[in-house]
Amino acid sequence: MPTTQNTATDPACGMQVTPGEALQSSHEGKHYYFCSESCQEKFEADPAGVIAARAKKEEEKGSKGDGEHSCCGGSSNKATAEPSSCCSPNSQTPGLPLSQTPPLSDSQSIYTCPMHPEIEQVGPGDCPICGMDLEPKVVDMAAEEDGEQYADMKRRFWVGVVLSVPLLILAMGPMVGLRLAELMSDSVFGWLQLALATPVVFWCGWPLLVRGAKSFRSMNLNMFSLIALGTLAAFGFSLVVVLFPSLIPEAFFENGKPPLYFEAAAAIITLVLLGQVLELRARQQTSGAIRELMQLAPDIAHRITDDGEEDVSLDAVVKGDRLRVRPGEKVPVDGRVLSGSSRVDESMLTGEPVPVAKEEGDEVTGGTLNQTGALVVEAVSVGNESVLSRIVQMVADAQRSRAPIQKLVDVVARYFVPAVIACSILAFIGWAVFGPEPKLAHAFVAAVAVLIIACPCALGLATPMSVMVGVGRGAKEGVLIKNAEVLEVMEKVDTIVVDKTGTLTQGRPEVTSIETFSDWQQADVLTLAAAVEGQSEHPLAQAVVRRAKADGLTVPPSHDFESITGGGVKAKVDQHNLLIGKADLLAQEGVEGVEQAKARAVEHQESGSTAIFIAVDGNVAAVFAIADPIKESTPAALKTLHELGLKVVMLTGDAQATAQAVATKLGIDEFHAGVSPQEKHEFVAKLKKEGHIVAMAGDGINDAPALAEANVGIAMGTGTGVAIESAGVTLVGGDLRGVAAAGNLSRKTMRNIRQNLFFAFIYNALGIPVAAGLLYPLFGVLLSPMIAAAAMSFSSVSVIGNALRLRAAKL
């Protein structure tokens with residue numbers, strides 16, 4: 001394979017590796033180097049095929065250029081490989097929804113490290129940086145709940161228990177009156193312990209020792225470096241005692257003979273395996289939120305064809321298919337209702353408990369539950385384009401993201417293991433020089449205990465486990481967090497800026513009053529206005545159209561339609577020139593009767609309605625009062641935000657009187673009326689300049705500049721219309737309660753992270769000195785390596801257990 005002076009190319013995946021550090025195999029007299037065992041095994045299974053495939057890919061790359069993708073986890077440094085290859089012939093099928101991806105075996109799926117998400121490889125394994133078990137990058141619903149890693153660790157643990165218990169009885173029996181050693185010679189006693197301990201250390205503990213050896217080879221020292229050192233030191237010393245007892249200095253002797261530490265080596269391995277089993281089991285629960293989301297999609301859809309109806313799997317559904325959804329069934333894909341009416345429970349996606357009425361023309365979201373009526377739906381978004389698939393992907397990506405607070409942990413971890421090894425050496429020297437007799441025996445026990453008790457994994461898991469569970473908890477409430485950094489920033493937010501329409505209000509305004517002037521009749525003005533507004537997508541324009549439709553009016557066509565930015569619209573209808581918009585716009589255009597119309601509009605504006613003015617042929621013909629009812633949930637949500645100590649500012653394009661009425665009714669801290677999208681952006685920038693940490697909640701379209709400027713942008717969505725990737729936080733339900741939930745979630749997650757970090761730092765800060773013998777001068781207690789192993793194993797499990805508490809957090 002191609003090599004340079006310092007690197008070689010892995011023939012299986014194309015990654016650049018260092019020959020002196022990489023795995024090696026030979027074929028036909030040539031040496032080949034590999035980034036991981038999975039690549040090496042793939043090569044050795046079919047050397048000629050892998051070499052031929054590599055040569056073909058090298059030719060193709062000659063014209064396309066190289067791409068960078070750190071995928072195999074063979075090195076902690078950046079590496080070069082084919083983009084998206086990830087050493088696998090089975091990448092995810094494009095276009096299929098995540099829940100419908102063809103199931104891959106454990107050996108084919110992409111696995112990643114929760115502590116180092118840049119590490120990826122095909123199939124299970126361990127992280128080359130921290131040594132932790134990798135986990136599937138994408139949760140596969142077809143996969144068994146207990147993966148190969150978990151089953152293997154559990155099997156090794158129970159074998160370790162069966163062999164370690166009699167070993168402990170042999171070695172520790174005298175403490176409880178069982179003097180079994182007196183029934184046999186010292187030689188037989190030693191060989192019996194060796195026979196029991198060897199399979200525990202070198203079969204049960206083999207994966208741990210391999211990870212430790214890898215860590216020294218790559219100099220990415222981690223927890224397994226310490227376990228391997230401590231275990232092999234105890235086992236190696238005991239082996240010398242059994243085989244060559246005369247080589248042991250008398251300074252090691254206890255009760256006139258050299259001590260054995262086989263039981264310590266076996267117990268350490270068994271307890272560490274117990275910790276691994278519990279940790280793997282707990283980590284499986286952190287993906288529970290994604291599993292629940294993926295289970296929302298039904299397995300089949302009822303497709304209507306010219307020949308009748310057929311049941312098909314979701315991956316067979318294509319855009320434009322007509323699907324039948326019966327009462328009590330889940331909607332298979334995002335679509336539009338063609339016929340029928342029903343109420344649909346969207347709570348699983350939006351958190352909104354009240355079912356939503358659906359009729360012809362309405363949109364439905366895949367995964368929601370049809371309740372009462374039958375619907376025929378046209379498939380609009382399928383596969384990875386569906387809302388559910390995008391939510392699942394966003395949650396998965398967010399769970400792998402790293403919070404800024406993790407940088408502190410990374411700095412500590414870089415020096416942690418070398419510092420622990422140094423402490424172990426110092427402990428040995430201290431006991432050997434100043435300790436009581438037998439000095440070397442005490443020194444050896446203290447040095448091993450220091451190596452075993454240190455737990456860098458507790459530090460490394462503190463942040464990512466809390467982020468994974470917290471992001472998943474938010475998703476269950478319809479609060480989608482883009483990444484871990486958003487969680488950290490959201491906690492510091494002190495000001496929430498909100499739009500009025502669609503955020504505080506229902507976003508479905510209705511015409512509540514029509515004030516006419518001169519000889520104009522309501523029906524005539526409404527007919528002309530609806531003809532113009534029918535070409536506009538503005539919510540207020542749609543309110544006028546709905547009112548005309550409700551009144552049974554026949555709306556004529558309009559011509560020469562023109563939208564006036566920030567002001568209104570104008571067009572021609574039946575030879576009449578219409579101008580519709582704000583009073584200021586009409587005044588600028590020289591319309592007669594504006595002041596009189598403004599006076600009539602004040603009463604409606606003071607009650608919270610929005611007034612739009614209609615001019616026909618240069619004269620004011622009517623004022624429409626349009627009310628957008630406040631959402632029932634808004635007052636409670638604002639109360640929660642105030643309880644969190646947040647200042648709420650409302651920005652709206654409405655008139656001063658309308659804005660003031662809404663602000664007064666809801667108890668909003670500050671409001672600004674007549675604000676354009678650009679002015680919203682400038683206002684947010686001004687708040688930031690004053691030192692505020694600002695979150696902006698808007699619709700993600702008109703408010704895009706302000707959302708981008710805010711420290712945290714919160715996009716308010718409603719089902720299929722939500723721009724999921726557009727902001728730091730997305731509220732699927734488009735409800736202000738989601739803003740309060742996001743605030744609560746960020747605070748509880750960050751508090752959980754700090755609890756984990758505090759526990760991990762305190763555990764190591766106290767545990768290492770105690771293991772070194774800190775308590776011996778006071779209480780005569782020297783920590784056993786077995787107790788150290790138990791403490792180390794349960795420290796990381798405790799961190800994960802604390803993170804899992806977030807699953808029940810009240811938002």
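1. In this predicted model, D617 counts as partly exposed, because its relative accessibility is 39%. The residue is found in the loop between strand β23 (610-616) and strand β24 (619-627), and its phi is near 55°, a positive value in a residue other than glycine. A first-year reader may want the background to that remark: most residues other than glycine have a negative phi, and most peptide bonds are trans.

2. S518 can be read alongside D617, for S518 also has a positive phi, of about 55°, although it is not a glycine. Its place is in the loop between β19 and helix α15 (522-533). Is S518 buried or exposed? With a relative accessibility of 70%, S518 counts as exposed, since the cut-off for that word is over 50%.

3. The next point concerns a peptide bond. The bond that joins E437 and P438 is cis, with omega at about -10°, and P438 lies in the loop between helix α11 (406-434) and helix α12 (439-453). When you look for this bond in the structure, the end of α11 at residue 434 and the start of α12 at residue 439 can serve as markers on either side of the loop.

4. On cysteines, the structure holds zero disulfides. A disulfide is a covalent bond between the sulfur atoms of two cysteines. Why does C127 not form one with C113? The sulfur of C113 is the closest cysteine sulfur to that of C127, but the two are 3.7 Å apart, which is too far for a bond, because the pair would have to lie within 2.5 Å to be counted. Both residues are nevertheless shielded from the surface in the sense used here: C113 is buried, with a relative accessible area of 0%, and C127 counts as buried at 2% relative accessibility.

5. Helix α14 covers residues 484-492, and its buried residues are A484, V486, L487, E488, M490 and E491. In reading such a list it helps to recall that an α-helix has 3.6 residues a turn, so residues three or four places apart point the same way. At the N-terminal end of α14 the cap is N483, whose side-chain oxygen lies 3.2 Å from the backbone nitrogen of E485.

6. How many cavities of 30 Å³ or more does the count give? The count comes to three, and the second largest of them has a volume of about 50 Å³. The idea behind such a search is that rolling a probe the size of a water molecule over the atoms shows where empty space is left. The lining of the second largest cavity includes P114 and M115, a stretch from Q399 to A403 made of Q399, R400, S401, R402 and A403, and, further along the chain, Q406, T463, P464 and V467. Helices α10 (387-400) and α13 (456-476) each supply at least two residues of this lining, and α13 gives the most, with three residues. By character, the lining residues divide into five nonpolar, four polar and two charged.

7. For "transmembrane region", the UniProt record, an unreviewed entry, lists several spans, among them residues 221-248, 260-278 and 782-804. In the model, residues 221-248 are 75% helix and 0% strand, and the end C-alpha atoms of that span lie 30 Å apart. Residues 782-804 are 87% helix and 0% strand, with the end C-alpha atoms 34 Å apart.

8. Three pairs show how residues separated in sequence are placed in space. L504, found in the loop between β18 (495-499) and β19 (510-516), is buried with a relative accessible area of 0%; L504 and L736 are 232 residues apart in sequence, while their C-alpha atoms are 6.8 Å apart. M792, in helix α25 (residues 785-804), is buried with a relative accessible area of 1%, and M792 and V272, although 520 residues apart in sequence, are 7.7 Å apart from C-alpha to C-alpha. A233 has its place in helix α6 (residues 223-243) and counts as partly exposed at 28% relative accessibility; A233 and Y261 are 28 residues apart in sequence and 9.2 Å apart in space, again from C-alpha to C-alpha.

Terms used
Residues numbered from 1 in each chain as written. Predicted model: local features only at pLDDT ≥ 70, side-chain atom pairs only at ≥ 80, totals over all residues. Heavy atoms only, no water. Buried < 20%, exposed > 50% of the residue type's maximum accessible area, 1.4 Å probe, protein only. Helix = DSSP H or I, 4+ residues; strand = E, 2+ residues; numbered from the N terminus. Polar contact = N/O pair within 3.5 Å; in protein donor to acceptor, adjacent residues only side chain to side chain. 1 Å grid on protein atoms, 1.4 Å probe; cavity = no way out; pocket = protein on both sides within 12 Å on 5 of 7 lines; lining within 4 Å. Points joined across faces, edges and corners; volume = space filled by probe spheres on them. Nonpolar A, V, L, I, M, F, W, Y, C, P; charged D, E, K, R; others polar. UniProt positions renumbered as here; feature names shortened; annotations may be inferred.
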